[in-house]
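Open the model in your viewer and keep the selection panel within reach. We will go from one stop to the next, and at each one I will tell you what to select and what is there.

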Amino acid sequence: MDPNHVDLAQMSPEQLNILAQRMLHHMASGQATAQLPVERFKGSQSGWQPGAGMAAPPPQPPPTQPPPTQLPPTLQPSQAFAPMMYTSHRLSSAAANLPAASAPAAAAPPQVGFQPFLGLSQLEPGAAPRVNHARLSSSSRTSPAPSRPAAGPSRTRGGRARGPARAAPVLPRADEAYIIRAPAGSGGDDLIKVTCQVYPKSPFIESQLMVYHFKQDSWTARLREVGLCHDFDVPPTTLVSALAIQTLQAMCDHTMHLRLPWAVHLAFEHEQVPLQLLGLRNKGAVRSSTQLGEYIGLARSALIFDQTIENLLAEKHRWGNRRHCIANGRLFVRFYATGNLTAVIGPSVAPQVHTCIAGRLYHDFMTDTNDAPLELQPPPIPPCEGCDAGDEVATEPGSPTGETPGTEFSMHEANHLRPEHFLSATAPLQSRSLVRTTTELSPSTAYIPAAIWEREWASLPVPAGIGLPATAPSDLRRLLWQNPSRINSNSESDEPRPRRLLSRLAIEGQTMEELVAGLKNLLRRCANENDFTDVIGRPITFRMVQSEGETVTLGEGVDREVWYTAFHEYAGDLAFVAPRLDNTYSLVNNPLTGSDGAKRTELAVFGALAALLILDGVAPVPLDPVFIHYAIHGCDFHSVTKAIMKQWHSSFALRLELFIEAGSAGDITGFSHEIATYADPLDVSGLRHRTAAEHAQVASRMLYRALFGAEGPNHVDTRSFMKGFALTRPGTALTFPEVARSFVGGTPALLKTIWKGAITGYSSISQVLDVRILPSVPEDSRSLEVGGTLFTLDELVKDFLFRSGIPSSAAIQRAQPTFSRLIDLVEADEPHFRPRWFHVAACGNETVNPDYKLKVLIVGDDDGAYYCHHSIRERSIAEGKISWRTCLRQAAIPASYFHRLALQDYSSAGPDEPTSLWDSIDNWLLVETLSTIGGHGFI
């Protein structure tokens, strides 16, 4: 058979098999396909078409089997030629893609494995993907699966290895608009821009508290107009209760003077605040109502004493929601007023009292959307006596209702609202009047009861965990400084666990004024932070130094005088106090204007000083003890019982008791002075035909105004004073009023103990006064004849303290520039003037301590008890200087100066000089006493 001329159509199956074996032999032996002697053929029915002149080749013998080593190791002849099995070897890329003639002469080494069938490019279009479909499907089922690597920690998935995980790229997030970042490196705190909204108590039972989402700008503008919306920038650590109090103060300072009744009967300040916190109901989900349409409800929650603005922001579902609680770059904090809101507008002589603010607000804002059901009708506005002067006269919108536009009550009727009015929160407000429909009692009825002394009064209970009650004023500081963890605990021990005092704090200054200023600055910081830890548990030392830093004096005497001076700079200023019964004082509570922030801080310092003096057993004279009792019991007027009045103001209590007994039918003309003074503008002639209720109210009014003035306990001055008077500290529930109520015998016993040392005359110091003549004074110098009578020198000192008045006005006026500003010479004729200031000069305060003696030593010129620097000792004795040692409660008087004054001729004395030895001795001792207070020149 000629291999160059083969007709496959004429070959038998045996011949085809032999041909296939030869072709496989050539392929296995490495010969290129292009070298096979097979010519391209064309199949036909007539058989092969050989070249012209060619004869049929003779039959060839069967070839011998090639050696096994020439076949692939995985391919045996019996497998390679199995029926219906197609196999081939993969050619190189060059052999597969290039024509046969261009193949290289050297064959590529054989490759092991199954290869695709050759010649797919010669098939008809679209047939290539379908050629080996059945074979490939069968091969995927019969071919062995590749082996998997052993399981272990290093096992990886097939394909490329996973790379390191990386976060998805995001844009940097800008700071929240409501946060004011502190400058870098300044050490300051960030500030939160807060807008406080107060929802007044609704007079409608069906009213629903809601977030005004669609009417947000209109609602905010209306609240600002009536003083119920205020902006603050506060640190994130600000207490929510402190923010509520700040909001109430801003409401009081508003032109409408908004007021809410405080729950003064409660023990803790955060519970006394008449505001509650409003949070989103159901995470701010929209609710639907047949009457209100769609709205977002608000739920009320109590103020927590340690809750801060930062805690509100963390509660995203209640108070820190970005959609409903943060808008226009500010955090909205919503409060709910628990009491009836009252506005006092106009001049103080004839103010207008309005109680219709809440009714008009909710009348105009019944729903949040404008698609509410048509059958929903706003409820009628509650009547209010301050809307008009008594006649039902409606004022045109925009017309003034008084001589001072803008100071009158400014509200709107529902049909007077214009959309453009609310486009800007700073739009000028126009004054509009309201229509009076009914009348109501005076605002004083909110804090002055209808009757007094009709039933027994019970004090507030002592807080749990107070431990052993106080039996001395010094115990009050121990109770106030006890471990806060003992508060409300269930421990079986009644003794509180003591706390370690903090390190000592030193305040230095060159003068008494500088030392007092340093103490005030410390108390101002404590008041602003609402934390008086540094003045309760930290010993404070005051040191008077020279300009070079050398200590001039220090000790307990200087400490007592600094505290006393700081307190009396407030107690002697009529901007803070006003005179009351029996030469006592209480807060002035100026009704004309509200106190600014600086004065509120000063009032808090004033209250803290009063409480701290009581902790040291010092009476805060000249404050009224009844006022202190009233403050300790949370400004509860019912605490002013008949017994407490008889204890401190017996004459007025007797007059008031007689007035009550007179009754409504009795003759009260004898009480015209009390009525005119304390019941103004009432008059006796106008009370002739009075009812029993009116008679009782007159008695209540006289008692309140005689003790506390015309303003109520919610006045900003009283609230500021009470803030410092509480001496609060973080982490503890105990305040000074609470520990004061725990005193054995109650507040009356505490006040009696404290005021027992108050100096009212010579008899107050006679029990502790120890005047003696030391042996250094010669026998012939221990007495002196005055006015024809021989007196010992100690008798002359006692006689000076017993008398009163100014012996020589001219001499006192010359020395007055050296006196402390606390000294009021108008009181020089009072019996307490000389003994009080002598005790202050010798002891540092005006409260007598029965455990210590006030020593007055009359010494010789060389006596060491006369404490003075050696360089000025001789001159000081010659000028009659008294050596004061307040730490030892001691004064040393040179005996020689008594005799020096006796040698002077008083018959020819001028008009500005003392005219007798009596006056000369009194003038000398008085000037020395008054000029040394605050000077400490010889200490």
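Select Thr735 and show its neighbours: leaving aside residues up to four places away in sequence, Thr735 touches Leu480, Ala726 and Thr728. Contact here means heavy atoms within 4.5 Å. Thr735 sits in the loop between helix 20 (716–725) and helix 21 (736–741). Helices (H or I, at least four residues) and strands (E, at least two) are DSSP runs, numbered from the N terminus. Is Thr735 buried or exposed? With a relative accessible area of 11%, Thr735 is buried. The cut-offs are under 20% relative accessible area for buried and over 50% for exposed, with partly exposed in between (1.4 Å probe, protein chains only).

A word on the model before we move on. This is a predicted model, where local features need pLDDT of at least 70, side-chain atom pairs count only at pLDDT 80 or more, and totals for chains, interfaces and linings use all residues. Residues are numbered from 1 along each chain as its sequence is written, and side-chain values use heavy atoms, with hydrogens and water left out.

**Zoom out to the whole chain**

Colour by secondary structure, and you have 29 helices and 23 strands in view. The chain has 939 residues, and 44% of them count as buried. Of the contacts between residues at least 6 apart in sequence, 72% join residues at least 24 apart. Switch on a surface: the chain exposes about 49600 Å², with 53% of that supplied by carbon and sulfur atoms. These accessible areas come from the Shrake-Rupley method with a 1.4 Å probe; for residues, only the protein chains shown count as cover.

**Select 512–529 and 556–571**

These are helix 11 and helix 13, whose axes come within 9 Å and cross at roughly 70°. That makes helix 11 roughly perpendicular to helix 13; angles of 65 to 115 degrees earn that label, while those under 35 count as roughly parallel, those over 145 as roughly antiparallel and the rest as oblique. Axes are lines fitted to C-alpha atoms, for helices over the stretch in contact, and angles run from 0 to 180 degrees between N-to-C directions.

Now show the side chains. From helix 11, residues including Met512, Leu515 and Arg524 take part, and helix 13 brings residues including Val558, Trp563 and Tyr570. The residues of this contact divide into 9 nonpolar, 1 polar and 4 charged. Ala, Val, Leu, Ile, Met, Phe, Trp, Tyr, Cys and Pro count as nonpolar, Asp, Glu, Lys and Arg as charged, and the others, Gly among them, as polar.

**Select 191–199**

This is strand 2, where 7 of the 9 residues are buried, so the strand is largely enclosed by the rest of the structure. Which strands pair with strand 2? Strand 1 (residues 179–180) runs antiparallel to strand 2, joined by 2 bridges. Strand 4 (residues 229–234) is also antiparallel to strand 2, with 6 bridges, and strand 10 (residues 330–337) runs parallel to strand 2, again with 6 bridges. Two strands pair if DSSP finds at least two bridges between them. Click on Val194: its bridge partner in strand 4 is Phe232, and its bridge partner in strand 10 is Leu331.

**Move on to an open sheet**

Four strands in the order 18-21-23-22 form an open sheet with mixed pairing. Its edge strands are strand 18 (769–773) and strand 22 (883–885), each of which pairs on one side only. From one strand to the next the twist averages 15°. Select strand 22 together with strand 23 (residues 890–894), and you will find an antiparallel pair with 3 bridges; Trp884 has Ala891 in strand 23 as its bridge partner. Add helix 26 (residues 833–843), which lies across strand 21 (854–859), strand 22 and strand 23 and runs at about 85° to strand 21.

**Finish with the backbone**

Select Val621 and Pro622, which are joined by a cis peptide bond with omega of about 15°. Pro622 lies in the loop between helix 14 (597–615) and helix 15 (625–632).

Next comes Asn282, which is not a glycine and yet has a positive phi of about 55°. Look for Asn282 in the loop between strand 6 (275–280) and strand 7 (287–289), where it counts as exposed at 51% relative accessibility. Asn328 likewise has a positive phi of about 55° without being a glycine. Asn328 lies in the loop between strand 9 (326–327) and strand 10, and is exposed with a relative accessible area of 66%.
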